[in-house]
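Dear colleague,

Please find the structure below, together with its sequence. After it I have set out what turned up, in an order that should be easy to follow on screen.

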Protein chains: 2
Amino acid sequence: MLGRLNHVAIAVPDLAAASAQYRTILGAEVNEPQVLPEHGVTVVFINLPNTKIELLEPLDEASPITAFLAMNPSGGMHHLCYEVEDILAARDRLKAEGARVLGDGEPKIGAHNKPVLFLHPKDFNGTLIELEQV
Amino acid sequence: MLGRLNHVAIAVPDLAAASAQYRTILGAEVNEPQVLPEHGVTVVFINLPNTKIELLEPLDEASPITAFLAMNPSGGMHHLCYEVEDILAARDRLKAEGARVLGDGEPKIGAHNKPVLFLHPKDFNGTLIELEQV
C-alpha cells in the first residue's frame with residue numbers, strides 16, 4: 001500500500017533562518033515560501049534527489065504547528081508523508097485494522113493540491129503520518 | 001552538498017510490533033532485524049520505492065535510544081540521514097559555519113558499513129541529522 005516517501009515535514013521557529021541554513025550551510029535546493037492560509041502555515045520545500053523536506057512555520061496562534069513549537073521551541077520533525085494510490089481504500093483498510101484517522105476521516109486538499117489524510121501518532125510509534133493520493 | 005535522503009529513523013518501544021504493523025497494516029516491504037551491538041540497537045529497514053525507514057529498538061539500558069524512549073514512550077522520529085559524497089569535506093564545511101558535530105568529530109562506521117557523523121539537533125531546528133558517505 002505505501003508508496004514513495006513524499007516528504008518529511010520539519011516545524012521550525014524561523015522559516016527564513018531555516019531556509020538559509022539548508023541553502024547555504026547544507027547546500028540544498030530550497031524553493032520559495034508558499035503561504036497556505038487554509039492550513040495555517042507557510043511552507044518551504046527543499047528538493048533532495050529522491051524526496052523533499054517540508055519546512056513549516058505557523059501563520060498565527062491558531063496554526064496546528066503552534067502547539068508543537070511551544071513544546072519544541074527549537075523545532076523538530078513533525079510528520080512523514082507517504083504516497084498512496086487510492087486514499088479512500090487506504091483509509092478503509094487502516095480503519096478496519098483499528099487505526100485512527102484524524103479529523104472527520106474525509107480527505108482534505110493538501111499543500112500539493114492532492115487529497116490527504118493524517119493518522120493518529122499514538123497508533124504509529126509516536127509518528128504523525130500523512131497519506132497523500134498521487 | 002546534501003544528496004539523497006538515505007533514511008528516516010523512528011525509535012520504537014516494540015520492534016516486532018512496529019515491523020508487523022508496517023508489513024501488514026501499511027503494506028510495506030519490511031526486512032529482517034539486524035542486531036548492531038556497537039550502536040546499542042536492533043534495526044529493521046523498511047524499503048520504500050525511493051528511500052528507507054529505519055526502525056530502532058534499544059538493545060539495553062546503555063543504548064543511545066533508551067533515553068529518547070523514556071521521553072517518548074510511544075516512540076517517535078529520531079533522526080534523518082542525508083547522503084554526502086565526501087564526509088570529511090562536509091564536516092569541515094559545517095564546522096566552519098559553526099555547526100556542532102557530535103562525539104569526537106571523527107566519522108564512525110554506521111549500519112550500512114559506511115562512514116557516518118551526527119550533527120547537533122539544536123543547530124538544525126531540533127532535528128538530529130546523520131550524514132552518511134556513499
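**Strand pairing in chain A**

A:Ala11 stands opposite A:Leu56, a residue of strand 5 of chain A. Please keep in mind while reading that this is a predicted model.

That pair belongs to a longer contact, since strand 1 of chain A and strand 5 (residues 52-58) of chain A run in the parallel sense and are joined by five bridges. Strand 1 of chain A also pairs with strand 6 (residues 76-84) of chain A, this time antiparallel and over six bridges, and within that pairing A:Leu5 faces A:Tyr82. Seven of the seven residues of strand 1 (residues 5-11) of chain A are buried, so this strand is largely enclosed by the rest of the structure.

For context, the unreviewed UniProt entry places the feature "domain: VOC" at residues 4-134 of chain A; over that stretch the chain is 21% helix and 36% strand, with the end C-alpha atoms 10 Å apart.

**Chain B**

In chain B, strand 1 (residues 5-11) has seven of its seven residues buried, and six bridges tie it to strand 6 (residues 76-84) of chain B in an antiparallel arrangement, where B:Leu5 has B:Tyr82 as its bridge partner. Strand 1 of chain B pairs in the parallel sense with strand 5 (residues 52-58) of chain B over five bridges, and there B:His7 is partnered by B:Lys52. B:Lys52 also lies over the face of B:Phe45, at 5.8 Å from the ring centre.

At the N-terminal end of helix 1 of chain B, B:Asp14 acts as a cap, with a side-chain oxygen 3.2 Å from the backbone nitrogen of B:Ala16. The buried residues of this helix (residues 15-25) include B:Leu15, B:Ala18 and B:Tyr22, and just after the helix B:Gly27 takes a positive phi of about 65 degrees.

**Between the chains**

How many aromatic pairs does a search of the whole structure find? There are two over all chains. In one of them, the ring centres of A:Tyr22 and B:Tyr82 are 6.3 Å apart and the planes meet at 80 degrees, so the pair counts as edge-to-face. This pair crosses between chains, from helix 1 (residues 15-25) of chain A to strand 6 of chain B, and both A:Tyr22 and B:Tyr82 are buried. A:Tyr82 and B:Tyr22 also form an edge-to-face pair, with 6.4 Å from centre to centre and 80 degrees between the planes, and this pair likewise crosses between chains, from strand 6 of chain A to helix 1 of chain B. A:Tyr82 is buried, with a relative accessible area of 0%, and B:Tyr22 is buried with a relative accessible area of 0%.

With best wishes

Notes. Residues numbered from 1 in each chain as written. Chains lettered and ligands numbered in written order. Predicted model: local features only at pLDDT ≥ 70, side-chain atom pairs only at ≥ 80, totals over all residues. Heavy atoms only, no water. Buried < 20%, exposed > 50% of the residue type's maximum accessible area, 1.4 Å probe, protein only. Helix = DSSP H or I, 4+ residues; strand = E, 2+ residues; numbered from the N terminus. Pairing = 2+ DSSP bridges. Polar contact = N/O pair within 3.5 Å; in protein donor to acceptor, adjacent residues only side chain to side chain. UniProt positions renumbered as here; feature names shortened; annotations may be inferred. Phe/Tyr/Trp six-rings, centres within 6.5 Å; stacked < 30°, edge-to-face > 60°. Lys NZ or Arg CZ within 6 Å of the ring centre and 35° of its normal.
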